[in-house]
Structure formats: structure tokens, C-alpha cells
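Please open the model in a viewer and keep the sequence panel visible. The tour below proceeds by selection, one stop at a time.

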Amino acid sequence: MAAAKTKKPATRNDLGAPIDGFFAKQPAATKAITVALREIVEQAVPKGTSSIKWGMPFWEIDGGTVCAIGAHKAHVNLIFSGPPSSFVDPDGLLTGAGKTGKHLKLTSVDQIPHAAVKKWLRTAVANAKAKR
């Protein structure tokens, strides 16, 4: 009896690509949200580097992941990296019960809590730098 062949996962063609293509291809339902989030992230993490991983733009600093933007049909997630307990969220806006971070789910650009996002990004930067 022949051994079962295991299929190796395909390498993504966009791994490490510049992030501009991600934003260019967003449909109208998510484009304004993703562009607004990009502007906030790039202002808050000016020394960060960005590239595509798993089909999404990721930002890193000092080799640690800060955040990512995931776009879906009807919403966008801003994903913050780091221990979930490190993100102070008195209004309960963040979701996610995993060990690696929290995310903010948005369906409109008007929902972006700018001050809170900037605070969470500062926390995510500190988390990324602590992993050095």
C-alpha cells in the first residue's frame, strides 16, 4: 500500500509585496475604511515597515508585528498584535479572545475611534519592540 501524499501549502504570490495593491483593489464598501486606517497607522508608526502577508497589509517595527488590516465583504478589521490584556478598552470596542492580539471591526469610516486607535497602536508598537 502506497503512503498518502501530503500536499504542501502553496506559496502566496503576494508575500512581501508592497501594500499599495491591496488598497487599490478594495471595493467601494471597504475602500474608505482601509485608506483611513492606513493613514492613521502610517502616522502613528512612521518608522514601521509594511508588506503583504496572508493577503493583508502588515506593519512591523524592529522585527515585531504591530498591526494588520483585513478587509472582508462588509467590514474591515484593524488587527493589533500583542497580548490581548495589554490593550486597554473601557468601551469594549475590541474583539478577539486569542493569545496574539485583538481587533477592531468596522463597517463605516465614521466608526473609527481615532484617539483609541492611536493609543492601541502605541501599545502594539511597545509590544512589538518588547519581542526583540
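How many of the residues of strand β2 (residues 56-61) are buried? In strand β2, 5 of its 6 residues are buried, so the strand is mostly covered; here buried means under 20% relative accessible area, exposed means over 50%, and partly exposed lies in between, with a 1.4 Å probe and protein chains only.

Before the next selection, a word on conventions. The model is predicted: local features need pLDDT of at least 70, side-chain atom pairs count only at pLDDT 80 or more, and totals for chains, interfaces and linings use all residues. Residues are numbered from 1 along each chain as its sequence is written, and side-chain values use heavy atoms, with hydrogens and water left out.

**Whole chain**

Display the protein chain as a cartoon. It contains 3 helices and 6 strands, arranged along the sequence as α-α-β-β-β-β-β-β-α. Helices (H or I, at least four residues) and strands (E, at least two) are DSSP runs, numbered from the N terminus. The C-alpha trace spans about 60 × 35 × 30 Å along its principal axes. Of the 132 residues in the chain, 40% are buried.

Switch to a surface view. The accessible surface comes to about 8100 Å², and carbon and sulfur atoms account for 56% of it; these areas come from the Shrake-Rupley method with a 1.4 Å probe, and for residues only the protein chains shown count as cover.

**Strands β1 to β3**

Return to β2 and add strand β1 (residues 49-53). The two strands pair in the antiparallel sense over 5 bridges; pairing requires that DSSP find at least two bridges between two strands. Within this pairing, T49 stands opposite E60 in β2. The hairpin of β1 and β2 has 2 residues between the strands, and W54 takes a positive phi near 50° there.

Next, add strand β3 (residues 64-71). It runs antiparallel to β2, joined by 4 bridges, and G64 in β3 is the bridge partner of I61. The hairpin of β2 and β3 also has 2 residues between the strands, and in this hairpin D62 takes a positive phi near 50°.

**G101**

Select G101, which lies in strand β6 (residues 101-106). Is G101 buried or exposed? G101 is buried, with a relative accessible area of 14%. Leaving aside residues up to four places away in sequence, G101 touches F80, S81, G82, P84 and G96, where contact means heavy atoms within 4.5 Å. For orientation, measure from G101 to W54: they are 47 residues apart in sequence and 16 Å apart in space, C-alpha to C-alpha.

**Aromatic rings**

Finally, show the aromatic side chains. The structure holds 4 aromatic pairs. F22 and F23 form one that is edge-to-face, at 5.1 Å centre to centre and 85° between the planes. Rings of Phe, Tyr and Trp (its six-membered ring) pair if their centres lie within 6.5 Å; planes under 30 degrees apart count as stacked, over 60 as edge-to-face and the rest as tilted. F22 is buried at 7% relative accessibility, and F23 is buried at 4%.

Which kind of pair do F80 and F87 form? Their ring centres are 5.7 Å apart and their planes lie at 40°, so the pair is tilted. F80 is buried with a relative accessible area of 0%, and F87 is buried with 6%. Add W120 to complete the view: ring pairs link F80, F87 and W120 into a cluster.
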